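Please open the model in the viewer and keep the sequence panel visible. This tour begins at a single residue and then widens to the whole chain.

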Amino acid sequence: MKRLLTTQDGPYLQQLYAWLRSQGIPVSVSERNGKLDLLLHQSSYEARARQLIDEFKADPDIIAVRQGTKNRQLVTDLMKNTGWLTRIVAVICVLMFMGVMAGGDAFVRYFIISDSFSQLPLDAPWRLLTPAFLHFSATHIVFNLFWWWYLGGRIEVYLGTRWLLALFVLTAVSANVVQFYVSGPNFGGMSGVVYGLLGFCWLYSGQRNIPLKLPPALILFMLGWLILGYTDVLWVNVANEAHLAGLVAGCIAGITVRQLRPKPRY
């Protein structure tokens, strides 16, 4: 190992160590005779390490500046890969989740699909959609919104907002109605929509190398999770029928829209 620096200033060395590690430099710190040594593990990194040390000495705040820039770039990338509908639906889900946490059953009863276990709310058709916005735990909403942002954002950016809106309505209504007839009105979540978007991307893209084409490993993971839901080995309650109905609706939509050949936005 190569000694790059020796100092008694612990906080300074801690910041320098963090800076070098953030840039991929293999370093470590050891103590010797009351002093701290910064050690380089591979000599091939020495030139780059010394350059970074000089940059840090010239501006000790560089790590904070770089991190702030990286965070801003992450936010920019996240927003760039979505459209306004993707963002609005996500915001509605978050607001509804806050309402569920604050109001409990008194809040939820206004947004479940029906007050009855046998009658669909044909006089209030919006309730066929509203269960998709309901989430009952932090894990539930984080999981669903991650996939909504990833899949819905792709579709909206590539095909346009109208196609994503149509898919959202189709998959949400399909998932909610099927789940209602199987288990009653007490359910909620975006999972049926997520599986619908997955099925859409899967069959719409097919073997074509387009932005909606998904990694095979992702498809296998999601299908595996769907199957696991029917085995009762998962530690959470799963709306299996909503998942399956959303997936089937999305697959049918994927085949149909592929035949329609809409013009992509890019």
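Begin by selecting Arg 87, which is partly exposed because its relative accessible area is 29%, a value between the 20% below which a residue is buried and the 50% above which it is exposed. The model in view is a predicted one.

Next, extend the selection to residues 84–103: this is helix α4, the element that holds Arg 87. Then add Val 178, which lies 91 residues from Arg 87 along the chain. A distance drawn between the C-alpha atoms of Arg 87 and Val 178 should read 27 Å.

Now display the whole protein chain as a cartoon. It contains 10 helices and 3 strands. Followed from the N terminus, the order of elements is β-α-β-β-α-α-α-α-α-α-α-α-α. The protein chain is more spread out than a compact globule, because its radius of gyration is 25 Å, well over the 18 Å that the globule rule gives for 266 residues. Reduced to its C-alpha trace, the protein chain spans about 80 × 45 × 35 Å along its principal axes.

Which share of the contacts between residues at least 6 apart in sequence joins residues at least 24 apart? In the protein chain, that share is 71%.

Switch to a surface display. The accessible surface of the protein chain amounts to about 14,900 Å², and carbon and sulfur atoms account for 61% of it. Of the 266 residues, 42% are buried.

Finally, colour the side chains by charge. There are 23 positive and 15 negative side chains in the protein chain, and 11 Å separates the centres of the two sets.

Technical notes. Residues are numbered from 1 along each chain as its sequence is written. This is a predicted model: local features need pLDDT of at least 70, side-chain atom pairs count only at pLDDT 80 or more; totals for chains, interfaces and linings use all residues. Side-chain values use heavy atoms; hydrogens and water are left out. Helices (H or I, at least four residues) and strands (E, at least two) are DSSP runs, numbered from the N terminus. The radius of gyration is taken over C-alpha atoms; the globule rule is 2.2 Å times the number of residues to the power 0.38. Buried means under 20% relative accessible area, exposed over 50%, partly exposed in between (1.4 Å probe, protein chains only). Contact means heavy atoms within 4.5 Å. Accessible areas come from the Shrake-Rupley method with a 1.4 Å probe; for residues, only the protein chains shown count as cover. Lys and Arg count as positive and Asp and Glu as negative; His and the chain ends are not counted. The place of a charge is taken as NZ of Lys, CZ of Arg, CG of Asp or CD of Glu.
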